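Grab your viewer and work through a few short exercises on helix packing. Try each one yourself before reading on.

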Amino acid sequence: SKPLIYVGMFKKKILAKALATMALSQLVYTPITLSAPLYLQNVLLFSPVTIGLLMAILPLMTVLASPMSGHLADQFEARHVASVGLTLIFAGIACYTRLGPDSNYLGLGAALGLIGTGIGVLTPANQKMAFASVESKDYGLLAAMISSFGTAAGTIGTTITVALMEMDMVNKIPNDPATFAAAQSFAYTLLLPLAILGIVISMRS
């Protein structure tokens with residue numbers, strides 16, 4: 001039987017780049033699914049229905065952007081398409097860091113829309129790079145690696161984000177909307193360089 005993660009596969013430069021790009025992106029954007037609903041509920045005081053509708057923007061834009069990304073990845077170099085996706089994710093996270101206690105649904109909707117579109121553009125192009133770098137007999141193993149790496153990166157990213165937010169909220173007024181807004185802005189600002197690193201890795205030939 002084959003191991004879940006075969007270290008020898010990382011000798012393939014394209015595959016290593018694709019996995020690194022995927023891990024960095026998920027580390028940065030996955031925490032949004034935790035912090036955004038809390039921000040909407042505890043800071044902006046939106047209703048559950050409004051929160052659900054706003055959060056649906058992210059997966060909706062991902063679904064809409066994915067087919068376009070797959071087509072573009074077939075027409076152009078996949079790494080360039082993936083870089084566009086990462087840039088959109090970076091822009092969305094940057095917009096999210098600007099949200100405060102007085103922001104409205106338009107600002108959050110724009111941030112989630114950019115992130116969702118970025119995920120939709122990045123994922124098909126990045127996966128094309130990964131699967132094109134291995135033989136067909138290794139597709140199952142690669143799929144398992146992508147899944148495990150993505151889950152691990154998202155979990156680590158969420159843990160880091162919560163730790164950064166807790167660190168920023170020390171000695172500040174508890175349960176204050178402004179405190180929470182400032183803490184999440186602090187955390188995501190520190191995560192932004194990871195998105196830039198992902199863009200650089202994706203663009204390198």
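## Exercise 1: Threonine 179

Keep in mind that this is a predicted model. Find out what threonine 179 touches beyond its neighbours within four places in sequence, and decide whether threonine 179 is buried or exposed.

*Solution.* Start with the contacts: leaving out those sequence neighbours, threonine 179 is in contact with Met169, Lys172 and Ile173. Next, place the residue: threonine 179 lies in helix 8, residues 177–203. Now the accessibility: the relative accessible area of threonine 179 is 7%. Buried means under 20%, so threonine 179 is buried.

## Exercise 2: Helix 7 against helix 8

Work out how helix 7 and helix 8 are oriented to each other, and which residues make the contact.

*Solution.* First, the geometry: the axes of helix 7 (residues 139–169) and helix 8 come within 8 Å and cross at roughly 130 degrees. That angle is neither over 145 nor in the 65 to 115 range, so helix 7 and helix 8 are oblique to each other. As for handedness, helix 7 passes helix 8 in a right-handed crossing.

Then look at who's touching. Helix 7 brings residues including Ile160, Leu164, Met165 and Met169, while helix 8 answers with, among them, Thr179, Phe180, Phe186 and Leu190. Sort the contact residues by class and you get 13 nonpolar, 3 polar and 1 charged. Thr179 from the previous exercise turns up here as part of the helix 8 side.

## Exercise 3: Helix 4 against helix 6

Do the same for helix 4 and helix 6: at what angle do they pack, and how do the contact residues divide by class?

*Solution.* Helix 4 (residues 57–75) and helix 6 (residues 105–132) pack at about 35 degrees, with axes 7 Å apart. This crossing is right-handed. On the helix 4 side, the contact includes Ala65, Ser66, Ser69, Gly70 and Ala73; on the helix 6 side, Gly109, Gly113, Gly116 and Gly120 are among the residues involved. The class count is 12 nonpolar, 9 polar and 2 charged.

## Exercise 4: The core

Which residues touch the most other members of the largest nonpolar core, and which helix gives the largest share?

*Solution.* The core has 54 residues, and the best-connected ones are Ile32, Tyr39, Leu40, Ile93, Tyr96, Leu108 and Ile115. Helices 1 to 8 each give two or more residues to this core, with the largest share, 10 residues, coming from helix 6. To see one hub up close, pick leucine 40: beyond four places in sequence, leucine 40 touches Leu45, Phe46, Ile51, Leu54, Met55 and Leu108.

Terms used. Residues numbered from 1 in each chain as written. Predicted model: local features only at pLDDT ≥ 70, side-chain atom pairs only at ≥ 80, totals over all residues. Heavy atoms only, no water. Helix = DSSP H or I, 4+ residues; strand = E, 2+ residues; numbered from the N terminus. Buried < 20%, exposed > 50% of the residue type's maximum accessible area, 1.4 Å probe, protein only. Contact = heavy atoms within 4.5 Å. Axes fitted to C-alpha atoms, helices over the stretch in contact; angles between N-to-C directions. Parallel < 35°, antiparallel > 145°, perpendicular 65-115°, else oblique. Left-handed = near helix turned anticlockwise from the far one by under 90°. Nonpolar A, V, L, I, M, F, W, Y, C, P; charged D, E, K, R; others polar. Core = buried A, V, L, I, M, F, W, Y, C linked by side-chain atoms within 4.5 Å.
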